Amino acid sequence: MATKATKATKAEAAKAAPAPAPEMNENAKEFYAILAKVKEAQKAFSTYTQEQVDKIFRAAALAANNMRIPLAKQAVAETGMGVVEDKVIKNHYAAEYIFNTYKNVKTCGVIDEDLSFGIRKVAEPVGVVGAVIPTTNPTSTAIFKTLIALKTRNGIIISPHPRAKKCTCDAARIVLEAAVKAGAPKDIIGLIENPSLEATQLLMKEADCILATGGPAMVKAAYSSGKPALGVGPGNTPAVIDESADIKLAVSSIIHSKTFDNGMICASEQSVIVHEKIYDAVKAEFAYRGCHFLNQKQLDAVRKVILTEAGTVNPKIVGQCAANIAKIAGFEVAPTAKILIGEVKSVEISEPFAHEKLSPVLAMYKATDIKDAFNKAEKLVADGGYGHTSSIYLNKRDNEEKLAEFQARMKTCRILVNTPSSQGGIGDIYNFKMLPSLTLGCGSWGGNSVSANVGALNLINVKTVAVRRENMLWFRAPEKVYLKKGCLPVALREVGEVWNRKRAFIVTDYFLYANGYTKPVEKSLEEQGIATATFSNVAPDPTIACAQDGARMMAEFKPDVIIAVGGGSAMDAAKIMWVLYEHPECDFLDMAMRFMDIRKRAYTFPKMGEKAKFIAIPTSAGTGSEVTPFAVITDQDTGTKYPLADYELMPNMAIVDADMQMMAPPGLTSASGIDAVSHALEAYVSVMATEFTDGLAISSLRTTFEYLPKCYKAAVEKKADTFARERMAHSATMAGMSFANAFLGVMHSMAHKLGSFHHIPHGIANALMMVQVLRFNASEQPPKMGTFPQYDHPKTLHRYAELADALGFGGKDDKDKLENLIKGIKDLQKTIGIKPTIKDYVPDEKDFLERLDAMTEQAFDDQCTGANPRYPLMSEIKQMYLNAYYGKDVAV
């Protein structure tokens, strides 16, 4: 006897069991049997080589082409629509043009490869294609779709229109038999020989991709199926005939197109819009060429038979000749009449002639001018042919502006010029770069997923195999760098003797100007007969307003050489002035826009040096700006510091003369010297570091650790240590060259904002963040790593250990070496008089904390952050600021 628990378990099991599948009817059973066979065949076909596929493709195309006449006869006999001779051309086109287009196209395996860039494209079939075939083009569309499926190793199931099922299936069967004979799996093409709405719905549900050609309802159903669909929509092609058009060409082309297979190609003209100046001549030409113009009674009669009560095209007139349509409307015309033309005025949907007619019935409108013609065409497209095709006839050579306006206004994916639109729209007959196709995409305007003519490449999935590649790197420096104590006057001789310059503009600060630092520069230039002007109003942390003032002076003086004399502030300000002088139209915020890769930035810096060359003469040993493509400028209104970076900002010449730096005071010596340390440290561990930049960084650090204390001691004692000053001048320039190419990191990002928010000298701001950033970057398990292909794993701890070894600090392992490096940095900072915490420089704790979040966010978004080896989170930057403020030497 079962227990209650057992009963409950059985009840739960019964409840959880899936409901029995509903029993399938015969239509469904037949469909799923076909689907299973095609899937199995496609699985085998997907392994075929390109050589095997091309053999099958060729055999199938030739077989279809050989049967083009019997299939055309069969299509007309079965559907009662169209013209045999024109259907022969359609079948011929579907076989020959498609084969010719794709015979050499790779569709199997590797279809494209670029070894240099490490990119390989691999083609795979989509699977089983569901192909819905219209009654208007039953055999040609079947040929077209089966051929492109075979070329791409797809299986395909054909769902014909009930009124064209035999000819459609026969066309597909011809392709199948030839394909199998050439080696294709025997069930690679499936046929729904008894088409029904249910079978079509199942096909749309189960196919991997749907190729839908037919009326709007069918195309909508395809896109609503939940499967990828390539469908078209109704065409309502307007043909505009401009007053400049060749009338014979235009009329003959339209007749040729509109009578082709009795107007059943969806790209065929549905209306013609004629400029009033040539309207009568165009009308006479149509009549002369055999078209029948409807009188008012006939016009009204034809109106009644164009559409059904549901507002769709009347199937009774589709593909019928003009004489038969006249009979349907209740009157007779000559059996030879080519087109029934109705002269109408309204382009509203209430006018039957304004609709797609798929028959040799044409609306004709008179336009008062070309604008009126475009307005009418625009309305006709909007109401019935969005995305499909539009056409214009004009003298293109003299009317490019009209054509440009037409192509801008027409929301159609094919815009044909002086071309019969039926033959022109399907491609490759009257034009040679439009893909040949019998399925014409209408883009998003027509509710389609494609806007081009659909082809074989729409039936493949392309896998991109991307092999890791390291970006091409670089090393860039000024054209000339002169160095050695006393080199200034000799180097400046080039301004006149080599560059042949006549007017020099000197940029400096007031202290340097007042203390005679520009005099040796002016003396050398005057000896060469070069006129000079000087801007001496650069302040620490130069502002945009300062740069604009200098640029205005430059514009008045018109220099052909600009000479920056000073520290980082003067050189940065001069660089910005240089840009504003050469390119006053430039927007500063555009230049300051952040980038991930300097070679791919959204903003392209203007070409510099067209008006003036740029020379940088440093008076302090630290910024390295004389050899870098960087400048930092401050927005005087917001206090925001903007680091600008572009190699167009690289000076043409740098003159590093220690005589210009001998008497730097202790504070400047300390701040600029530790700035050089920060440059070398960050360049060495940057994700963009190279062997070229590494050597300079190490050499700079060795020199600075040895000679900066000596320079500082001499400055305190108000003495000149000539050799130490020269070594530090060279050290700062080497560090500058290193970071000019490897870039900087989050230490500078944080220092920029600490300086702008709290007016701390830049070098000191770097010093205050230095230990925090070293500990931060040294993590072997960072939450986020810097993004650059050559930076393949967290290795900053080891890089710091290398620096410790280079500086003689050593240690038993990498962690020990890091600690020794940090101790050495702390000792150096103490020796040169730098206080240990931010609080020592910003005693107002409340103010610091209130502005901390804003400072953190700006530091995160600083240009320098991107090259840091550990990508920082904003919370981590904030914690580093807090640690540095309170003097906590702990890793974040």
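Student: Going by its relative accessibility, does D694 count as buried or exposed?

Tutor: The model here is predicted, and the relative accessibility computed from it for D694 is 13%. A residue is called buried when its relative accessible area is under 20%, so with its value of 13% D694 counts as buried.

Student: In which helix does D694 lie, and which residues is it in contact with, leaving aside its neighbours within four places in sequence?

Tutor: D694 belongs to the helix that spans residues 691-716, which is α24. Once its neighbours within four places in sequence are left aside, the residues in contact with D694 are Y684, A689 and R799.

Student: α24 also helps to line the largest cavity, so to speak of that space, which helix gives the most to its lining?

Tutor: A search of the whole structure finds three cavities of 30 Å³ or more, and the largest of them holds about 70 Å³ of space. Its lining includes S620, Q661, T669, L708 and R725, and α23 (666-685), α24 and α25 (722-742) each supply at least two of the lining residues. The helix that gives the most, with three residues, is α23.

Student: Turning to the strands, which two of them are the edge strands of the open sheet?

Tutor: The open sheet is formed by seven strands with parallel pairing, and their order is β10-β11-β12-β9-β8-β13-β14. An edge strand pairs on one side only, and in this sheet that holds for β10 (292-293) and β14.

Student: Why can strand β13 be described as largely enclosed by the rest of the structure?

Tutor: Strand β13 covers residues 387-393, and in the order of the sheet it stands between β8 and β14. It is largely enclosed by the rest of the structure because the number of its seven residues that are buried is seven.

Student: Over how many bridges does β13 pair with β14?

Tutor: On one side, β13 pairs in the parallel sense with strand β8 (residues 237-241) over three bridges, and there V240 stands opposite I392. Towards β14 (residues 412-417) the sense is again parallel, with S390 having I415 as its bridge partner and S391 standing opposite L416. The number of bridges between β13 and β14 is five.

Student: Through which helix does the chain cross from β13 to β14?

Tutor: The path from β13 to β14 makes a β-α-β crossover, and this crossover is right-handed. The helix through which the chain passes on the way covers residues 400-409 and is α15.

Student: Following β8 towards α10, where D242 has its place in the loop, how far apart in space are D242 and I370, C-alpha to C-alpha?

Tutor: D242 is buried, with a relative accessible area of 0%, and the residues in contact with it beyond its neighbours within four places in sequence include H275, I370, Y393 and K402. In sequence D242 and I370 are 128 residues apart. In space, C-alpha to C-alpha, the separation is 6.7 Å.

Student: N418 and L358 both have a positive phi, so to take one of them, is L358 buried or exposed?

Tutor: N418, in the loop between β14 and α16 (421-425), has a phi of about 55° although it is not a glycine, and its relative accessible area of 25% makes it partly exposed. L358 lies in the loop between β11 (340-343) and β12 (361-367), and its phi is near 45°, again in a residue other than glycine. With a relative accessibility of 12%, L358 counts as buried.

Student: Which helix gives the most residues to the largest nonpolar core?

Tutor: In soluble globular proteins, nonpolar side chains tend to be buried together. The largest nonpolar core here has 63 residues, and among those touching the most other members are M750, L754, I838 and Y881. The helix that gives the most to this core, with 10 residues, spans residues 762-777 and is α27.

Student: How many residues are in the other core, which lies apart from it?

Tutor: Within the largest core, L754 is one of the members that touch the most others, and its contacts beyond four places in sequence include A765, M769, F848 and Y881. Apart from that core lies the other one, with Y93, A184, A267 and I426 among its members, and its number of residues is 56.

Terms used
Residues are numbered from 1 along each chain as its sequence is written. This is a predicted model: local features need pLDDT of at least 70, side-chain atom pairs count only at pLDDT 80 or more; totals for chains, interfaces and linings use all residues. Side-chain values use heavy atoms; hydrogens and water are left out. Buried means under 20% relative accessible area, exposed over 50%, partly exposed in between (1.4 Å probe, protein chains only). Helices (H or I, at least four residues) and strands (E, at least two) are DSSP runs, numbered from the N terminus. Two strands pair if DSSP finds at least two bridges between them. A crossover is right-handed if, with the strands pointing away from the viewer, the path from the first strand over the helix to the second runs clockwise. A nonpolar core is a set of buried Ala, Val, Leu, Ile, Met, Phe, Trp, Tyr and Cys residues joined through side-chain atoms within 4.5 Å. Contact means heavy atoms within 4.5 Å. On a 1 Å grid over the protein atoms alone, a cavity is a set of points where a 1.4 Å probe fits but cannot get out, and a pocket is an open set with protein on both sides within 12 Å along at least five of seven lines; lining residues have an atom within 4 Å of a point. Grid points are joined across faces, edges and corners, and a volume is the space filled by probe spheres set on the points.
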